[in-house]
Amino acid sequence: MDVDGGNKRVYNRLGADAKHQKVCFHWQAGKCNRYPCPYLHSELPSSHANGTSSKRPYENSGFSGPRRSPNFNTWGRGGGRGGGGGAGGGRGVVVKADKVCNYWIQGNCSFGERCKFLHSWSVGDGFSLLTQLEGHQKCMAVVTLGGEVGCMISEGPWVFVGIPNFVKAWNTQNSMELSLNGPVGQVYALVVINDMLFAGTQDGSILAWKFNVVTNCFEPAASLKGHSRGVVSLVVGANRLYSGSMDNTIRVWNLETLQCLQTLTDHTSVVMSVLCWDQFLLSCSLDKTVKVWYATESGNLEVTYTHNEENGIVTLCGMHDSQGKPILLCSCNDNTVRLYDLPTFAERGKIFTKQEVRAIQTGPNGIFFTGDGTGQVRVWNWIAEPTTTGQ
């Protein structure tokens, strides 16, 4: 990660002159809704004894596996950026409630711009709704699985679907169809790494299959035991497999030996999602927290920051905005998706849905998808050149 010049690029990108740096007073009041803002969204950097400013490793960060690196103590210190949903004080300004107008949804709100509720599916700046996918048309094939779909992933030509007691696999190039048995109960999570398929199951096991290029099949390779309840999330990073479970724990597995290296017990409810970003592991839970884990010199993960929400958190997704800045998307069970800058957790915006968003996926060119409990899929994109207004 490029540390040198991190602050300089941040200030230049926000339009701040190094000789005339000024802190945004709207940001200080907690209600700045512009992105990018020409003024600083942080206090002026303190100087060290040698006269150099403190650096913040902010740019060129990727959503990859945790790796050892000097810890940066900047988590959650970026200050709150306003969500952009409502204006502040002033005559004739309607302060919007943090709720979508039900009449607007039905297409018959008579208040128009004077309505105190939102006439939008999102608040914030830098991103917008591109389209909504109303239904599946012109499908190439419809497959009846005979069970509830717990998860689905694609890897190369293969599509894998987790259902009760099975993992179904389809090869989209030759139409081969396979049924991988062994799971007990619903399959909640799937991940592929190094020609191995891992499945998190309802009974707490993580089953592994190895792809055999000679037979063109997936052969049983291992069963990872340790969780006492269902495994609902899996992610791979830095030669480690991380599993989140209904038993409130995260287990860290060595991908070479398939042995459990550590059990993380800081969450107090179901660990719904795990995500690797740079040298950190991020996890979310129904205990209303996002925890940021960092590897110590001993190699063990410890919590370095906890972000609190008012509601349980269903899933996490990471991506970069139009300027290459890392963004964390958090789906909460109050039917919202919160967007945050990393590592500061400064709020970038909020997406509203009819039911909780259970899946968030990223696409090419800054596109991302949200799918909620009603079956609606919305397509969003990051705006390349956000508009600004004068201060």
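Me: Two strands pair if DSSP finds at least two bridges between them. Over how many bridges do β1 and β22 pair, then?

Reply: Over 3 bridges, in the antiparallel sense. Strand β22 covers residues 347-352. In this predicted model, one of the bridge partners is easy to find: G124 sits opposite G349 in β22.

Me: Which sheet do they belong to, and what's the strand order?

Reply: An open sheet of 5 strands. The order is β1-β22-β21-β20-β19, and the pairing is antiparallel.

Me: Why do β1 and β19 each have one side without a neighbour?

Reply: Both stand at the edges of the sheet. β1 (122-124) and β19 (313-320) each have a single partner strand, so one side of each has no neighbour in the sheet.

Me: How much does the sheet twist?

Reply: The average is 15° from one strand to the next.

Me: Zooming out. How many helices and strands does the protein have?

Reply: 3 helices and 25 strands. The protein has 391 residues, and 45% of them are buried.

Me: What about contacts between residues at least 6 apart in sequence?

Reply: Of those, 46% join residues at least 24 apart.

Me: And the surface: what is its area?

Reply: About 19,300 Å² is accessible. Carbon and sulfur atoms account for 48% of that.

Me: New topic. Where does UniProt put the "repeat: WD" feature?

Reply: The record, an unreviewed entry, places it at residues 224-263. That span is 57% strand and 0% helix. Its end C-alpha atoms lie 13 Å apart.

Me: Now L258. Which loop is it in?

Reply: The one between β13 (250-254) and β14 (260-264).

Me: Buried or exposed?

Reply: Buried. Its relative accessible area is 18%, and the cut-off for buried is under 20%.

Me: What does L258 touch, leaving aside neighbours within four places in sequence?

Reply: M196, F198, A222, L224 and W253. As for K225, it is 33 residues away along the chain, and its C-alpha atom is 10.0 Å from that of L258.

Me: Last thing: what's the average pLDDT?

Reply: 77 for the protein, with 70% of the residues scoring at least 70. Over residues 1-21 the pLDDT is below 50. That stretch still has 43 contacts in the model beyond near neighbours in sequence.

Me: And where does pLDDT stay under 50 after that stretch?

Reply: Residues 43-61 are one such place. The model gives them 47 contacts beyond four places in sequence. Where pLDDT is low, the predicted coordinates should not be read in detail.

Methods:
Residues are numbered from 1 along each chain as its sequence is written. This is a predicted model: local features need pLDDT of at least 70, side-chain atom pairs count only at pLDDT 80 or more; totals for chains, interfaces and linings use all residues. Side-chain values use heavy atoms; hydrogens and water are left out. UniProt positions are given in the numbering used here, feature names are shortened, and annotations may be inferred rather than shown by experiment. Helices (H or I, at least four residues) and strands (E, at least two) are DSSP runs, numbered from the N terminus. Axes are lines fitted to C-alpha atoms, for helices over the stretch in contact, and angles run from 0 to 180 degrees between N-to-C directions. pLDDT is the predictor's confidence in each residue, from 0 to 100. Contact means heavy atoms within 4.5 Å. Buried means under 20% relative accessible area, exposed over 50%, partly exposed in between (1.4 Å probe, protein chains only). Accessible areas come from the Shrake-Rupley method with a 1.4 Å probe; for residues, only the protein chains shown count as cover.
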